[in-house]
Amino acid sequence: TPIYLNLNRCIDKIIETNANIAEEKSVKVFVKNALTDDDSVIFADETKLVQVLTNLLSNAIKFTAKGHITIGYFIKNGFIEFFIEDTGIGIDPEYHKMIFDRFSQAKKQSGKLYGGTGLGLSISKAFVEKMGGEIWVQSEKNRGATFYFTIPFVKTDENYKKIFNDRSIVVKPFKKESVLLLVEDENSNYLFIKEVVKVLKVELLHAWNGKEAMELYEQHPEIGMVFLDIKLPDVNGYDLVKKMKKINKNIPIIAQTAYAFSGEREKAISRGCDDYISKPMRMDNIRKMFEKYL
């Protein structure tokens with residue numbers, strides 16, 4: 001599932017995970033990133049991307065006895081093009097396509113296997129293609145190898161960049177038992193809140209509609225606050241507020257709406273909400289709500 005992630009930090013973690021193995025072989029790992037840390041927030045499938053980069057870096061370390069490895073990326077024609085270059089044993093050109101096929105391994109001449117179990121590169125190929133890109137290799141026997149793959153470059157707006165790059169954030173210790181229930185049917189808003197709560201260390205429950213919201217509300221007494229989209233596909237948001245307050249009047253419910261008209265906050269409070277936040281939501285406003293009610 002695609003999420004917002006900081007690409008540069010993601011690569012740093014992958015290198016850190018494999019650093020000990022590279023150091024034992026005296027192989028140096030270099031990084032070449034095309035974007036600054038602040039600009040490297042992208043929308044991508046983190047699980048698949050990390051797996052592909054890890055597979056390729058692990059192979060590069062495994063088959064490089066001396067020299068160096070360079071991992072990085074650049075932006076090209078709306079895609080991020082990654083590369084993992086090594087000074088290892090290399091791969092004969094006749095095996096370039098074969099190594100991505102399941103259970104195929106390039107083992108002639110060198111007597112060594114390239115691709116571990118034979119599944120690592122085929123899985124990487126499948127993951128890259130699912131992410132909308134392609135993968136290939138440039139190499140010659142005994143002259144090292146460079147693996148390339150691409151994924152679409154999906155830019156992020158300033159709100160998302162702020163989440164990942166604002167190092168001035170001071171996380172206050174919210175109540176451990178507090179959980180945020182988000183009732184939101186727009187996927188982009190859900191993803192935004194999901195990343196915010198990770199930074200602010202608040203647990204999240206999410207409902208797409210009123211029915212799901214009431215089920216979660218009744219099943220989870222640990223809920224400490226509700227963010228409620230007033231415009232839901234199945235019920236009127238204010239009717240939902242009334243039902244929730246009947247169950248527990250002490251849980252703060254924050255109305256969220258795209259309407260920033262004068263008097264909207266007063267209307268929300270008069271209908272049972274404890275506060276109001278307008279869309280598009282900003283991280284600082286969300287944080288203020290957490291600090292005020294948790």
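**Exercise 1. Is Asp-86 buried or exposed?**

Before solving, some ground rules: this is a predicted model, where local features need pLDDT of at least 70 and side-chain atom pairs count only at pLDDT 80 or more, while totals for chains, interfaces and linings use all residues. Residues are numbered from 1 along each chain as its sequence is written, and side-chain values use heavy atoms, with hydrogens and water left out.

Step 1: Find Asp-86 in strand 5 (helices are DSSP runs of H or I with at least four residues, strands runs of E with at least two, numbered from the N terminus).

Step 2: Check its accessibility. Asp-86 comes out at 6%, so it is buried (buried is under 20% relative accessible area, exposed over 50%, partly exposed in between, with a 1.4 Å probe and protein chains only).

Step 3: Follow the side chain of Asp-86, which reaches the backbone nitrogen of Gly-88 at 2.8 Å.

**Exercise 2. Work out which strands stand at the edges of the open sheet.**

Step 1: Write down the order. The 5 strands run 2-4-5-7-6, with mixed pairing (two strands pair if DSSP finds at least two bridges between them).

Step 2: Look for strands with a single partner. Strand 2 (28-32) and strand 6 (135-139) fit, so each has one side without a neighbour in the sheet.

Step 3: Zoom in on one pair. Strand 6 and strand 7 (residues 145-152) run antiparallel and are joined by 5 bridges; one pairing there is Gln-138 with Thr-146 of strand 7.

**Exercise 3. Describe how helix 2 meets helix 3.**

Step 1: Take the axes. Those of helix 2 (residues 46-62) and helix 3 (residues 120-130) come within 9 Å and cross at roughly 145 degrees (axes are lines fitted to C-alpha atoms, for helices over the stretch in contact, with angles from 0 to 180 degrees between N-to-C directions).

Step 2: List who touches whom. Helix 2 contributes residues including Val-52 and Leu-56, and helix 3 residues including Leu-121 and Phe-127 (contact means heavy atoms within 4.5 Å).

**Exercise 4. How many disulfides does a search of the whole structure find?**

Step 1: Run the search, and you get 0 (a disulfide is a pair of cysteine sulfur atoms within 2.5 Å).

Step 2: Look at two cysteines anyway. Cys-10 counts as buried at 7% relative accessibility, and Cys-273 is buried too, with a relative accessible area of 4%.

Methods:
A polar contact is a pair of N or O atoms within 3.5 Å; within protein, one must be able to donate a hydrogen and the other to accept it, and residues adjacent in sequence count only if both atoms are side-chain atoms.
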